[in-house]
Amino acid sequence: MRADLELIKDWVEPGKRVLDLCCGDGELMHYLQAEKKTTGYGLEIGPENITECIRKGVNVIEKDIEEGLASIKDNTFDTVIMTQAIQIMMRPDEIVDEMLRIGKECIVTFPNFGHWRARGYLAFRGKMPVSKFLPYTWYNTPNTHFCTFKDFERLCVERNIYIMERTVVDNEHQHRWWIHLWPNMLGEIAIYRITK
Amino acid sequence: MPDVIPDDSVGIVEPQKIEFSEPLKLQCGRTLEQYHLMVETYGELNENCSNAVLICHALSGNHHVAGYHSMEDKKPGWWDSAIGPGKAIDTNKFFVIGLNNLGGCHGSSGPNQINPETGKPYGPDFPIVTVNDWVESQARLADYFGIEQFAAIIGGSLGGMQALQWSINYPDRLRHCMVIAAAPKLSAQNIAFNEVARQAISQDSQFYNGHYYEKDEVPKVGLMLARMLGHITYLSDDGMRNKFGRELRSGQISYDFTPQFEIESYLRYQGERFSTAFDANTYLLMTKALDYFDPAADADGNLSGILEKAKAKFMVISFTTDWRFSPERSQEIVDALVEADRQVSYAEIEAAHGHDAFLIPIPRYLDVFSAYMQQVEADTKAVFFGGNA
């Protein structure tokens, strides 16, 4: 199980109605269904991922999130989750607004572009960072809207979004005590639990 | 004609005629005192009758869903690509029932069958039947086989509408509902196409107000036109362009009204073949059943409200170039199911074949289909072992 998913599960209460945006192969939903007896759906556009969700018994709906979530009514879900996908959205701010409209609370995870390695790469090599963790080059990356933890939290302040919980981990999704000394410099992945 | 029956075919199959003597009250207010259904089954019904799958047919379908009637058959049943040993609906695991719906023309009680009260064919006097009536007759068919709850009810197009109606009318009698290339109700455009088809038939001089059997005639031209029109709505613009383009049969334009473009002769061929194989009165009935289908009508048009009754898990599938029942129509069903807090999965299959795609073995379609049927099987096993415990 992907480690960020391991961390998310503690923030989802048993029996809740969950929507997982860009749910991939349904790993998280499958786990939540089995362990937390949650209901709900994953949204996904990758054909292989969709088939894999169905094979696992995860309810999956083929839907391009970029086309909007307007067909889903307000507060339909207890928790709306989006892992490692906010940075590939055309308008991350609008997606966050929509998530908070259709869900009572949301869990968002994304890579931190303010991590020291990314900063160092740009500062010393003068090039957009490429690493094992961020493997794309600037012209073919799906990550069109990288942000840092500070950027995200600034968005939350501007939009009156309340951050219920936050955790910061390294790229192996491990908590390290020293990350918390300077999260925006030392943390690689952020996991936010937010509500309105 | 198969020289050898393929390993993944259900093989040579034989239809059976099942008689029902309990009167069936129809939605139109009339009653069928007695009726019969033509049925084919494939696979074995298990001990606790938990592995049954019902296949509902579309406008021109029938009970011959898979396999061959004889070694002389040119083609297998209409959904042979999905049903057979090792196929998406695996007949090694499931007991599959196909039937010809009431009002059909392939052996079930319908306009071309003898009315026991008059000794003559029903003709236009056969009552108007609706999707609700079909569901009721199919429920009695399930009783006949001793099936309390279907593992799945599956259908494409008008067949998908029957599956959807089942989930509302008999929520406890199906665990899974597969609705393919369907819509929650017809649009004005859909009804318009149906009306042109009906007019083509009823205006044919050989139609005799539906009493053509006695005259030993068939409204061939009308049926042919109806089918040609229908066929255009089953294909996509892209699909037609790819298959026929503006190809000429003889390589040059002849400046007259003979069929010169490939698409013209294709439609004529399809229409002509259909006009000798299908009954005009049945065509009228089937299109009416389509027009009248509207499960939300009983809930003031609130589809999600009516779907709250359903208990089945749903799999909804649409095809990108289907414009008869477009992906948006399937999404209406999905949205209503989400709003009703029902379990649903949805896949939109990229396909150039238009509405016809639901009958075509497109790899991704079959992958999704097979994956879903694995879940149906898992739930069937759970019921089986649960029942023995």
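Here are five exercises with worked solutions on a predicted model with chains A and B.

## Exercise 1: Getting to know chain A

**Task.** Describe how chain A is built, and work out how compact chain A is for its length.

**Solution.**
Step 1. Start with the parts list: chain A holds 7 helices and 7 strands.

Step 2. Now walk along the sequence, and you will meet these elements in the pattern α-β-α-β-α-β-β-α-β-α-α-β-α-β.

Step 3. Next, take the radius of gyration, which is 17 Å for chain A; the globule rule gives 16 Å for 196 residues, and the two values are close, so chain A is as compact as a globular protein of that length.

Step 4. For a feel of the dimensions, picture a box of roughly 45 × 35 × 30 Å along the principal axes, filled by the C-alpha atoms of chain A.

Step 5. Look inside: 42% of the 196 residues in chain A are buried. Among contacts in chain A with a separation of 6 or more, 64% join residues 24 or more positions apart.

## Exercise 2: A helix and what comes after it

**Task.** Find the buried residues of helix 3 of chain A, and say what A:G57 does just after this helix.

**Solution.**
Step 1. Locate helix 3 of chain A at residues 47-56.

Step 2. A residue needs 20 or more other C-beta atoms within 10 Å to count as buried. In helix 3 of chain A the buried residues are A:I50, A:T51, A:E52, A:C53, A:I54 and A:K56.

Step 3. A general point helps when you look at any such list: an α-helix has 3.6 residues a turn, so residues three or four places apart point the same way.

Step 4. Move just past the end of helix 3 of chain A, where A:G57 has a positive phi of about 85°.

## Exercise 3: Where the chains meet

**Task.** Which elements of chain B supply at least two residues each to the side that touches chain A, and what kinds of residue make up that side?

**Solution.**
Step 1. Count both partners: 17 residues of chain B contact 14 residues of chain A.

Step 2. On the chain B side, three elements supply at least two residues each: helix 9 (327-339), strand 12 (344-349) and helix 10 (363-388).

Step 3. The biggest contribution comes from helix 10 of chain B, with 7 residues.

Step 4. Sort this side of chain B by residue type, and you get 8 nonpolar, 4 polar and 5 charged residues.

## Exercise 4: Two domains in chain B

**Task.** Find the domains of chain B and describe the contact between them.

**Solution.**
Step 1. The domain assignment gives domain 1 as 16-185 + 295-386 and domain 2 as 190-288.

Step 2. Between the C-alpha centres of these two domains of chain B there are 26 Å.

Step 3. Domain 1 of chain B brings 22 residues to the contact, and domain 2 of chain B brings 18.

Step 4. The touching side of domain 1 of chain B splits into 10 nonpolar, 10 polar and 2 charged residues.

## Exercise 5: Annotated sites in chain B

**Task.** Where in chain B are the residues that UniProt lists for "active site" and "binding site", and how are they placed in space?

**Solution.**
Step 1. Begin with the record: an unreviewed UniProt entry puts the "active site" at B:S157, B:D322 and B:H355. These residues are spread over 199 residues of sequence but cluster in space, with a largest C-alpha distance of 10.7 Å.

Step 2. Take B:S157, in the loop between strand 9 (152-156) and helix 2 (158-169) of chain B. With 27 other C-beta atoms within 10 Å, B:S157 is buried. Its contacts beyond four places in sequence include B:H355 and B:F358.

Step 3. Turn to B:D322, in the loop between strand 11 (313-319) and helix 9 of chain B. B:D322 is buried too, as 28 other C-beta atoms lie within 10 Å. Beyond four places in sequence, the contacts of B:D322 include B:A181 and B:H355.

Step 4. For "binding site", the unreviewed UniProt entry lists B:R227 and B:D356. They span 130 residues in sequence, yet their C-alpha atoms are no more than 13.5 Å apart, so they gather at one spot.

Step 5. Finish with their surroundings. B:R227 sits in helix 4 (residues 220-234) of chain B and is buried, with 25 C-beta neighbours inside 10 Å. B:D356 belongs to the loop between strand 12 and helix 10 of chain B, and its 22 C-beta neighbours inside 10 Å make B:D356 buried. Leaving out neighbours within four places in sequence, B:D356 contacts B:Y234 and B:L235.

Methods:
Residues are numbered from 1 along each chain as its sequence is written. Chains are lettered from A and ligands numbered from 1 in the order in which they are written. This is a predicted model: local features need pLDDT of at least 70, side-chain atom pairs count only at pLDDT 80 or more; totals for chains, interfaces and linings use all residues. Two residues are in contact if their C-beta atoms, placed from the backbone, lie within 7 Å. Helices (H or I, at least four residues) and strands (E, at least two) are DSSP runs, numbered from the N terminus. Ala, Val, Leu, Ile, Met, Phe, Trp, Tyr, Cys and Pro count as nonpolar, Asp, Glu, Lys and Arg as charged, and the others, Gly among them, as polar. A residue is buried if 20 or more other C-beta atoms lie within 10 Å of its own, exposed if 12 or fewer, and partly exposed in between; C-beta atoms are placed from the backbone. Domain bounds come from an automatic or database domain assignment. The radius of gyration is taken over C-alpha atoms; the globule rule is 2.2 Å times the number of residues to the power 0.38. UniProt positions are given in the numbering used here, feature names are shortened, and annotations may be inferred rather than shown by experiment.
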